[in-house]
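Okay, thanks for making time, everyone. I'll put the model up now and then walk you through a few spots in it.

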Amino acid sequence: MHLTPEEVEAYCLSVSEAESPLLKKIRRETHAQVLLPRMLSGPLQGALLRMVSRMMRPAKVLEIGTFTGYATLCLLEGLADGGQFITLDRNEELEDRVRGYFAESPRGHLIDYRLGNALDLIPALEGPFDLVFLDADKKNYPRYLEMVVPLMRSGSMLISDNVLWSGKVLEPEGKMDAETQILHQFNRKLSEDPRFQVFLMPLRDGLSFARLR
């Protein structure tokens, strides 16, 4: 997960906007009490998501993969007044925890938190979404991509997490495991898709920004 030297990341954090007390609480409790805490967006990535959301001022945001809500609350900060924020997740065991965190946020009431299989939930959504954050099961990234594009507009941004997959996308294609191969193909597909302008950032586990033309 640490593709950037830890001392460099620590320095960047020291001169970046600090986490809010609520975000710090979510991060600490996730690492102490939840399985697979590495799925949580870290403070440096969170700071970037907050900045992007504030710059975009999106009226409608879709997040696919809530986990414990850290990235959700980061992206929520830039939501335009009167905006809509929908986040989808299938882990019912985390529901009470996540709803509790959202209740502690002064803007948490703006979050529409839906439980279920995103492949089943997305077709019922109405766009256009200005910002889509993809951080769910990696095997379905290509399917999610094609499902959300019709829900976006010109200028909308798709941000996809974990696209470097701990650096495993650098392995020879013949030696990649199935999940790595899917992510590698997803990255290639985005980069070659004439509908998008793409930038892949080597932050944390890889963060891809794809702007719909």
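I'll go through two helix pairs, then a pocket, then a couple of backbone details.

Before anything else, keep in mind that this is a predicted model.

So, helix pairs. Start with α2, residues 21-33, and α5, residues 95-104. Their axes come within 11 Å, and the crossing angle is roughly 165 degrees. Anything over 145 counts as roughly antiparallel, so that is what α2 is relative to α5. As for handedness, this crossing of α2 and α5 is right-handed.

Who actually makes the contact between α2 and α5? On the α2 side you've got L22, K25, I26, E29 and Q33. On the α5 side, look for R97, Y101 and E104. If you sort that contact by class, you get four charged residues, three nonpolar and one polar.

Now swing over to the other pair, α7 at residues 141-148 and α8 at residues 178-192. Here the axes sit 9 Å apart and the helices pack at an angle of about 30 degrees. From α7, the residues involved are Y141, P142, L145 and E146. They meet I182, L183, F186, K189 and L190 of α8. And the class split for α7 with α8? Seven nonpolar, two charged, no polar.

Right, on to the pocket. General point for anyone new to this: you roll a probe the size of a water molecule over the atoms, and that shows where empty space is left. In this model, the largest pocket comes out at about 830 Å³. There are 33 residues lining that pocket, and the ones closest to its centre are L36, M39, F67, A136 and D137. Strand β2 (84-89) and helix α6 (118-121) each put at least two residues into the lining. By class, the lining of the largest pocket has 14 nonpolar residues, 11 charged and eight polar.

Hang on to L36 for a second, since we've just met it as one of the residues closest to the pocket centre. L36 is in the loop between α2 and α3, with α3 running 43-56. Check its phi: near 55 degrees, so to speak on the positive side, in a residue other than glycine.

Last stop, another backbone detail. Where is the cis peptide bond? It joins G127 and P128, with omega at about 0 degrees. P128 itself is in the loop between α6 and β4, the strand at 129-134.

That's my tour, happy to rotate the view for anybody.

Definitions and conventions. Residues are numbered from 1 along each chain as its sequence is written. This is a predicted model: local features need pLDDT of at least 70, side-chain atom pairs count only at pLDDT 80 or more; totals for chains, interfaces and linings use all residues. Side-chain values use heavy atoms; hydrogens and water are left out. Axes are lines fitted to C-alpha atoms, for helices over the stretch in contact, and angles run from 0 to 180 degrees between N-to-C directions. Helices (H or I, at least four residues) and strands (E, at least two) are DSSP runs, numbered from the N terminus. Angles under 35 degrees count as roughly parallel, over 145 as roughly antiparallel, 65 to 115 as roughly perpendicular and the rest as oblique. A crossing is left-handed if the near helix is turned anticlockwise from the far one by less than a right angle, and right-handed if clockwise. Contact means heavy atoms within 4.5 Å. Ala, Val, Leu, Ile, Met, Phe, Trp, Tyr, Cys and Pro count as nonpolar, Asp, Glu, Lys and Arg as charged, and the others, Gly among them, as polar. On a 1 Å grid over the protein atoms alone, a cavity is a set of points where a 1.4 Å probe fits but cannot get out, and a pocket is an open set with protein on both sides within 12 Å along at least five of seven lines; lining residues have an atom within 4 Å of a point. Grid points are joined across faces, edges and corners, and a volume is the space filled by probe spheres set on the points.
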